[in-house]
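Let's take a walk through a protein together, one step at a time. Have a look at the sequence and the 3D picture first, and then read on.

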Amino acid sequence: EKRKHPRATGRFVVHYRVLEEKNNIDITQTKDLSLGGMYLTTNRKFDPGTKLALEIRLPFDPDPIMIVGRVVDSRVIAHDLIYDTRIEFLQIDKKHINIIGQTIDYYLKKRV
């Protein structure tokens, strides 16, 4: 196991777009979440290193969490339709790191 942070399986709504593209927002759900990143399904393949603007909604905060992330990997599941995409967080404020941590702790305890 090479991961630095534990991952919690959970379906959280995420809006995402390539950072440089203003009008190309899509919506999806996470497959899992950690303090360092997330795993989600996207409708297109992204090159590793692509920066994404992410907005995620979590149960412990009524407001969406804004994150800048970098694509680590994007694998085809159904060509031109579904891709499993791994994201590493690049920019996130301390308050939101704490909220993500609360969410992960809750879902990991729920699993036991």
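We can begin at a single residue, aspartate 80, which counts as exposed because its relative accessibility is 60%, above the cut-off of 50% for that word. Keep in mind that you are looking at a predicted model. Where along the chain does aspartate 80 sit? Its place is the loop between strand 6 and strand 7. There is something else to notice about its backbone: the phi angle of aspartate 80 is near 60°, a positive value in a residue that is not glycine. Most residues other than glycine have a negative phi.

Now step back and take in the whole protein. How many helices and strands does the protein have? It has one helix and seven strands, and along the sequence they follow the pattern β-β-β-β-β-β-β-α. The radius of gyration is 13 Å, close to the 13 Å that the globule rule gives for 112 residues, so the protein is as compact as a globular protein of that length. If you drew a box around the C-alpha atoms along the principal axes, it would be roughly 35 × 30 × 20 Å. Of the 112 residues, 38% are buried. The accessible surface comes to about 7,000 Å², and carbon and sulfur atoms account for 51% of it. The fold also brings together distant parts of the sequence: among contacts between residues at least 6 apart, 55% join residues at least 24 apart.

Next, let's see how the strands are arranged. Strand 3 and strand 4 form a hairpin, with three residues between them. These two strands pair in the antiparallel sense over three bridges, and within this pairing threonine 30 stands opposite leucine 40 of strand 4. Strand 4 also has strand 7 as an antiparallel partner, joined to it by six bridges. Here you can find threonine 41 opposite aspartate 84 in strand 7.

Strand 5 has partners too. It pairs with strand 2 in the antiparallel sense over five bridges, and tyrosine 16 has leucine 54 in strand 5 as its bridge partner. Strand 5 is also joined to strand 6 by six bridges, again running antiparallel. In that pairing, leucine 52 stands opposite glycine 69 of strand 6.

Let's turn to the inside. In soluble globular proteins, nonpolar side chains tend to be buried together. In this model, the largest nonpolar core has 22 residues, and those with the most contacts inside it are Leu33, Met38, Leu54, Ile56, Leu58, Ile67 and Ile100. Which elements supply at least two residues each to this core? They are strand 2 (13-18), strand 4 (37-42), strand 5 (51-56), strand 6 (65-78), strand 7 (82-91) and helix 1 (94-111). The largest share, four residues, comes from helix 1.

Isoleucine 56 gives a good view of these surroundings. Leaving aside residues up to four places away in sequence, it touches Phe12, Val13, Val14, Thr30, Leu33, Met38, Pro64, Ile65 and Ile67.

Charged side chains make links of their own. How many salt bridges does a search of the whole structure find? It finds six. One of them joins aspartate 32 to arginine 7, with the closest N and O atoms 2.8 Å apart. This pair links distant parts of the chain, since aspartate 32 is in strand 3 (residues 26-33) and arginine 7 is in the segment before strand 1 (8-9), 25 residues apart. Is aspartate 32 buried or exposed? It is buried, with a relative accessible area of 13%, whereas arginine 7 is partly exposed at 22%.

Another salt bridge brings together the side chains of arginine 44 and glutamate 21, at 3.6 Å from N to O. Arginine 44 lies in the loop between strand 4 and strand 5, and glutamate 21 in the loop between strand 2 and strand 3, so the pair ties together parts 23 residues apart in sequence. Arginine 44 is partly exposed, with a relative accessible area of 29%, and glutamate 21 is partly exposed at 28%.

Finally, find the salt bridge between arginine 70 and glutamate 88, at 2.3 Å from N to O. Because arginine 70 lies in strand 6 and glutamate 88 in strand 7, this pair ties together parts that are 18 residues apart in sequence. Arginine 70 counts as partly exposed at 29% relative accessibility, and glutamate 88 counts as partly exposed at 30%.

How values were computed:
Residues are numbered from 1 along each chain as its sequence is written. This is a predicted model: local features need pLDDT of at least 70, side-chain atom pairs count only at pLDDT 80 or more; totals for chains, interfaces and linings use all residues. Side-chain values use heavy atoms; hydrogens and water are left out. A nonpolar core is a set of buried Ala, Val, Leu, Ile, Met, Phe, Trp, Tyr and Cys residues joined through side-chain atoms within 4.5 Å. Buried means under 20% relative accessible area, exposed over 50%, partly exposed in between (1.4 Å probe, protein chains only). Contact means heavy atoms within 4.5 Å. Two strands pair if DSSP finds at least two bridges between them. The radius of gyration is taken over C-alpha atoms; the globule rule is 2.2 Å times the number of residues to the power 0.38. Accessible areas come from the Shrake-Rupley method with a 1.4 Å probe; for residues, only the protein chains shown count as cover. A salt bridge is a side-chain nitrogen of Lys or Arg within 4 Å of a carboxyl oxygen of Asp or Glu.
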